[in-house]
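Biologist: Before I rely on any of the labels attached to this structure, I would like to hear the reasoning behind them. Could you take me through it, setting each value against its cut-off?

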Amino acid sequence: MSSGLGGLNKSPHGVVVGLCQLQLPVIETKDQLDAQVDRVCALVGKARRGSTSMDLVVFPEYMLHGLSMDVCDEIMCERDGPIVARLRAACVQHKIWGCFSIMERNPAAPESPFNSGLIFDADGNEVLYYRKLHPWVPVEPWAPGDLGVPVVDGPNGCKLALIICHDGMFPEMARECAYQGADIMLRTAGYTAPIRDSWVFTNQANAFQNLMCTASVCMSGSDGTFDSMGDGGCEHGRHCSAFPLPTHPSESQAKECSATSTVGSSREAEAGRTRSSPASCGPTWSGEGGREGRGGGGGETAGAAGGTL
């Protein structure tokens with residue numbers, strides 16, 4: 001059984017996951033992309049300083065590129081390129097695992113890059129590489145992924161999986177993660193506000209029906225055209241705990257915040273599958289003037305919140 005308090009009292013086999021609701025950027029040039037990478041790397045450090053017990057910090061889909069769907073080659077990334085090297089280095093510098101999103105150059109079809117996710121451990125080793133299997137047709141220009149659904153050894157003995165945004169609308173994706181033994185399924189997204197209800201109940205269902213935890217995070221705020229919903233949270237399906245529907249700040253208020261939750265590793269799985277807990281958890285947000293609520297985006301200096309698995 002993991003203890004909560006936002007990871008402050010982590011059990012020996014617990015995993016503390018931090019979700020960073022990043023402000024939606026506007027990226028049109030290489031210089032803007034470089035500046036956004038600097039911002040993400042700085043937030044990796046801020047996550048570590050804010051929570052010394054945090055094992056993994058997770059950034060949303062579109063964290064570097066925003067929602068313009070621009071496929072200009074100048075701002076595309078490569079798995080072994082300089083942008084990814086900087087993200088890897090941030091994990092090493094701050095001794096923390098990191099989950100990141102890139103739009104990956106596709107040499108075979110430059111007009112259709114891949115929407116890719118990468119996880120590095122605290123030593124900078126790549127432990128997970130995934131390409132989004134279900135682009136949001138017809139809006140997204142990305143090529144469908146061709147790497148399957150990897151499940152890997154995560155921090156502190158857990159089994160870890162990653163899916164991206166629209167992937168989570170298909171129950172087969174979560175079930176495939178569970179079949180491969182995932183304790184924690186990460187879901188990163190750039191969804192806009194109209195998808196909020198679908199986002200909440202699919203995250204709940206994916207956790208509940210597969211006896212695993214889901215940790216999901218979306219971009220927040222507005223880029224002047226699109227309004228991301230700024231929602232994130234952990235669903236504790238293994239313990240059948242309810243996740244209350246959150247209340248949200250308006251998108252004009254949403255900026256950036258982080259949330260943490262403690263979840264169990266595979267060494268706690270058998271006990272977890274036979275135990276039921278009434279506890280529920282979710283992130284808090286701290287918006288303009290220190291107002292607080294449940295589940296939305298918040299100021300960059302927002303504190304961490306969490307729950308118990």
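Biologist: How many salt bridges does the count come to, and what makes a pair qualify?

Modeller: The count comes to 12 in this predicted model, where a pair qualifies when a side-chain nitrogen of Lys or Arg is within 4 Å of a carboxyl oxygen of Asp or Glu. Glu-126 and Arg-79 serve as an example, since their side chains meet at 2.5 Å, N to O, and that value is within the 4 Å limit, so the pair is called a salt bridge.

Biologist: What parts does the pair of Glu-126 and Arg-79 tie together?

Modeller: Glu-126 lies in strand S5 (residues 126-131), whereas Arg-79 lies in the loop between strand S2 (56-58) and helix H2 (82-94), so the salt bridge ties together parts that are 47 residues apart in sequence.

Biologist: Why is Glu-126 called partly exposed, and how is Arg-79 classed?

Modeller: The label covers relative accessible areas between the 20% limit for buried and the 50% limit for exposed. Glu-126 has 27%, so the label partly exposed applies, and Arg-79, at 35%, counts as partly exposed too.

Biologist: What about Arg-131 and Glu-104, are they buried or exposed, and how far apart are their closest N and O atoms?

Modeller: Both Arg-131 and Glu-104 are buried, and they form a salt bridge in which the closest N and O atoms are 3.1 Å apart. The pair links distant parts of the chain, with Arg-131 in strand S5 and Glu-104 in strand S3 (residues 97-104), 27 residues apart.

Biologist: How do you know that Asp-153 and Lys-159 form a salt bridge?

Modeller: Their side chains meet at 2.4 Å, N to O, which is within 4 Å, so the condition for a salt bridge is satisfied. Lys-159 itself, with a relative accessible area of 29%, is partly exposed because that value falls between 20% and 50%.

Biologist: Which residues are linked in a network of salt bridges?

Modeller: The network links Lys-30, Asp-34, Asp-38 and Arg-86.

Biologist: Turning to helix H1, how do you know that its reach is close to what is expected?

Modeller: Helix H1 (residues 30-50) has 21 residues, and from its first C-alpha to its last it reaches 30 Å, close to the 30 Å expected at 1.5 Å a residue. Its buried residues include Leu-33, Asp-34, Val-37, Val-40, Leu-43, Ala-47 and Arg-48, and what covers the buried residues of H1 includes strand S1 (14-21), S2, H2 and S3.

Biologist: What makes a set of residues a nonpolar core, and which residues have the most contacts inside the largest one?

Modeller: The set must consist of buried residues of types such as Ala, Val, Leu, Ile and Cys, joined through side-chain atoms within 4.5 Å. The largest core has 39 residues, and those with the most contacts inside it are Leu-56, Val-58, Leu-160, Cys-177, Leu-186 and Tyr-191. Strand S7 (residues 159-164) gives the largest share of this core, five residues. Apart from it lies another core, of 37 residues, among them Leu-33, Val-37, Ala-47 and Ile-96.

Biologist: Which residues is Val-58 in contact with, leaving aside its neighbours within four places in sequence?

Modeller: Val-58 is in contact with Val-17, Gly-18, Leu-19, Cys-20, Cys-99, Leu-186, Thr-188 and Val-217.

Biologist: Why is Asn-206 called buried?

Modeller: The relative accessible area of Asn-206 is 5%, which is under the 20% limit, so the residue is called buried. Asn-206 is placed in helix H4 (residues 196-210) and, not counting residues up to four places away in sequence, touches Gly-168, Pro-171, Ala-174, Met-185, Met-212 and Thr-214. Asn-210 is also found in helix H4, and at 8% relative accessibility Asn-210 is under 20% as well, so it counts as buried. With the same exclusion of residues up to four places away, Asn-210 touches Ala-174, Arg-175 and Ala-178.

Biologist: Finally, where does pLDDT stay under 50?

Modeller: It does so over residues 238-256, and over residues 266-309 the pLDDT is likewise below 50. For the protein, the mean pLDDT is 79, and 72% of residues reach 70 or more.

Definitions and conventions:
Residues numbered from 1 in each chain as written. Predicted model: local features only at pLDDT ≥ 70, side-chain atom pairs only at ≥ 80, totals over all residues. Heavy atoms only, no water. pLDDT = per-residue confidence, 0-100. Contact = heavy atoms within 4.5 Å. Helix = DSSP H or I, 4+ residues; strand = E, 2+ residues; numbered from the N terminus. Buried < 20%, exposed > 50% of the residue type's maximum accessible area, 1.4 Å probe, protein only. Expected span 1.5 Å × (residues − 1).
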